[in-house]
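Me: Please take a close look at one helix pair in this model. I should like a connected account of how the two helices pack and which residues form the contact.

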There are 2 protein chains.
Amino acid sequence: MNGAVALDRIRIVLSRTSHPGNIGAAARAMKTMGLARLYLVEPASFPDPIADARASGANDVLEAARVVSTLDEALDGTILSAAVTGRRRERSVPVRLARDAAPELAAYAEQGEVALVFGTETSGLTNEDVERCSFPVSIPANPAFPSLNLGAAVQLLCYELRMAALAPTAPVEPLPDLASFDEIEGFHRHLERAMTASGFYDPANPKRLLQRVRRMFGRIRLEREEVNILRGIIGALERKSD
Amino acid sequence: MNGAVALDRIRIVLSRTSHPGNIGAAARAMKTMGLARLYLVEPASFPDPIADARASGANDVLEAARVVSTLDEALDGTILSAAVTGRRRERSVPVRLARDAAPELAAYAEQGEVALVFGTETSGLTNEDVERCSFPVSIPANPAFPSLNLGAAVQLLCYELRMAALAPTAPVEPLPDLASFDEIEGFHRHLERAMTASGFYDPANPKRLLQRVRRMFGRIRLEREEVNILRGIIGALERKSD
């Protein structure tokens, strides 16, 4: 497949952006690298003339942007998503560098929809948001001053994706048939119901159990068939305990 | 040598920047990647509170910035310089991609001063400015919309330099002892005088001769010893024709 087609399958998701100028800068950064699909989760102000001014010729990206109210809506239908994060996190899923993650993101974009998720200007993404994505990715910055502007971070990631998507590549292994975001979320809801009904999980006393489960499954990239197997097992156990 | 030391030897030169906000954005971009040495050639407005606001924590870079009135002053003492350009140019020196040029720039920064030169927001660098640099370098952008914001272009190049400077590298060939900018300019002035005195070059009817000479020597990365040899030849010829 043509690399430009892969770039067109990549969503840039900006979560709860405070400054409309940064939305415009992100749109411009995307278009310079051949990306076009912008999702905005609860932007503070959009549309906004400040965003239009900063987009400076990438207004088509802003006009086509989809405004949604939750991260789940923005990720609906994706097969792979990366959470852009600057902070080290207490997580078992290792943080990958932008350059190392870009070829995989571009390769999956040839198979289906892929997303890159950026948090707010001041506090980034919440831990919950990061956990909903397939893996965290970071830009290796100066530890003494890692404070990249949001538009600049979008520019760097889109550049890495363009370099990866348009690079001549060696023939690759056939990619596994990954479960979609909604299939994985459906599995987590199913598991939570089953754990609650069985008494193993007490919603009144959660003790981070759900997060631990998400991290565990987040370390592997679940395939569709594997989700079917897991849900089959849970379903079978549910019926057994009736 | 430590890669961070190399980064500290790299000058970012902004030529005739129109908008002080872009100077602030460039300072922030530099600092996030560990660069600190900013040179401003005839900025439209500097210092400026708009630059301070956009620098957002990188005000130390702005305070240490050197304002100069010609590109030659900004390049004085450098051994290698790259002109960042978006346009294809009628030139015999091939344009190199940022990713391919960064390792060489970083390696030379371990030996001496290195510069990256950026032009104005609207028209970039003049051909004359590009010819004064060792080679042109470009960011591979969407051909339908290659219009990167100046701060974003600085961000991408500084990122590539950081990745190159901090990458674990295999042992490299010893680098040649390159002539400095002033030595090369001294050579060009000497050659021009000799060509004029000899009647080969007519300043009243230049016919792009000097540019052609610059392009030719620009393709060779002149070493100090080579400049000495060339000037020795010219000097010998001058004396012979007296």
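Reply: The account below concerns one pair of helices in chain B. The model is predicted: local features need pLDDT of at least 70, side-chain atom pairs count only at pLDDT 80 or more, and totals for chains, interfaces and linings use all residues. Residues are numbered from 1 along each chain as its sequence is written, while chains are lettered from A and ligands numbered from 1 in the order in which they are written.

Two packed helices are described by the angle between their axes and the distance between the axes. Helix 2 (residues 20-32) of chain B and helix 8 (residues 150-166) of chain B have axes that come within 8 Å and cross at roughly 15°. Helices here are DSSP runs of H or I with at least four residues, numbered from the N terminus. Axes are lines fitted to C-alpha atoms over the stretch in contact, with angles from 0 to 180 degrees between N-to-C directions. Helix 2 of chain B and helix 8 of chain B are therefore roughly parallel to each other (angles under 35 degrees).

On the side of helix 2 of chain B, the contact (C-beta atoms, placed from the backbone, within 7 Å) is made by Asn22(B), Ala25(B), Ala26(B), Ala29(B) and Met30(B). Helix 8 of chain B contributes Leu150(B), Gly151(B), Val154(B), Gln155(B) and Cys158(B). By class, this contact has seven nonpolar, three polar and no charged residues.

Elsewhere in chain B, the peptide bond joining Phe46(B) and Pro47(B) is cis, with omega about -5°. Pro47(B) lies in the loop between strand 2 (37-41) and helix 3 (49-55) of chain B, a strand being a DSSP run of E with at least two residues.

Notes:
Angles under 35 degrees count as roughly parallel, over 145 as roughly antiparallel, 65 to 115 as roughly perpendicular and the rest as oblique. Two residues are in contact if their C-beta atoms, placed from the backbone, lie within 7 Å. Ala, Val, Leu, Ile, Met, Phe, Trp, Tyr, Cys and Pro count as nonpolar, Asp, Glu, Lys and Arg as charged, and the others, Gly among them, as polar.
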